[in-house]
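Dear colleague,

I am handing over the structure we spoke about, together with some notes on its charged side chains and on the annotated spans. Please look through the sequence and the model first, and then read on.

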Amino acid sequence: MKKKHLLLLLGSLLLGILIGMFGTAFTNLHLKISQEQVQFILTTIFFCLGILSTIVALYFIMNSRKVYASYLAEEDDELNELAYIKMYRSLDYGTVAYNVLQVSMLFSLLTVLPSHDLPISAFLLAVLTILVGSFCIKTTSKIRNYQLSILATPKEVLDYLETYDEGEKQAEMEEAYLILFKLNQLILPSVYIILFALSIILGEVQLVAALITAVIHLYINIAQLRKTKRYFK
């Protein structure tokens, strides 16, 4: 595991160096790409990602509801256990796909806000996010037997976590810790390297991006003090 993390960090460093080298070469050639072209490409990518996420989310959420009906009707213990696993696995896949749809929608809206013109693609993603989100929350409430609100508070999420069985709760906590560790030690440091390379390419410091990254990095570390104060009084 440590070797994999080291390779990822070294890979990010190498990528930053390569981007810087190519950026210097491109700068010397006066190669320029307009912001409109970049925005169009990114908007198209995220729109396609949003549509794909919608299809995946609906498929797995509907599959979860279907298996839920079988889970309630099944009397054989072994088949009941298999239905239980498949039901929650499909629900998790559908939830992740819905979250990806949210990211795609937010990015699309963010890129069009300065122009005060809402294209059909961004509007469609916004509508799909509302519809799929409502369907996902209703399905989750039905299967988990817990009424989770659309804008859930941290307290609600902790209460919702209590609906998990012990094995699932342990797996969730371990995964949350690993995600936090990777963000803190690998992903965000890699973002700094990429921003450094971009600053060389563009000839200006990416101040806003660096500030946002630093704020997120600080929050991740400072927020952990809450755990220390809570459990080590």
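How many residues apart are D159 and K155 in helix α5? Before the answer, please keep in mind that this is a predicted model, and that what follows is computed from it or, where I say so, taken from a record.

D159 and K155 are 4 residues apart in helix α5, which covers residues 154–161, and they are therefore separated by about one helical turn. Their side chains meet in a salt bridge, with 3.3 Å from N to O, and this is one of the 4 salt bridges that the structure holds. As to their surroundings, D159 counts as partly exposed because its relative accessibility is 33%, whereas K155, at 59% relative accessibility, counts as exposed.

Another part of the picture centres on K169. The side chain of K169 meets that of E162 in a salt bridge of 3.2 Å, N to O, and the side chain of K169 also meets that of E166 in a salt bridge, here at 3.8 Å, N to O. E166 and K169 both lie in helix α6, which runs over residues 166–202, and they are 3 residues apart there, about one turn of the helix. Because these salt bridges share partners, E162, E166 and K169 are joined into one network.

Is K169 buried or exposed? K169 is buried, since its relative accessible area of 11% falls under the 20% cut-off. Its two acidic partners, E162 and E166, are both exposed, the former with a relative accessible area of 54% and the latter with 59%.

Turning to the record, UniProt, in an unreviewed entry, places the feature "transmembrane region" at residues 37–61, 96–114, 120–137, 179–201 and 207–225. I can describe the model over two of these spans. Residues 120–137 are 100% helix and 0% strand, and the C-alpha atoms at the ends of this span lie 26 Å apart. Residues 179–201 are likewise 100% helix and 0% strand, with 30 Å between the end C-alpha atoms.

With best wishes

Notes
Residues numbered from 1 in each chain as written. Predicted model: local features only at pLDDT ≥ 70, side-chain atom pairs only at ≥ 80, totals over all residues. Heavy atoms only, no water. Helix = DSSP H or I, 4+ residues; strand = E, 2+ residues; numbered from the N terminus. Buried < 20%, exposed > 50% of the residue type's maximum accessible area, 1.4 Å probe, protein only. UniProt positions renumbered as here; feature names shortened; annotations may be inferred.
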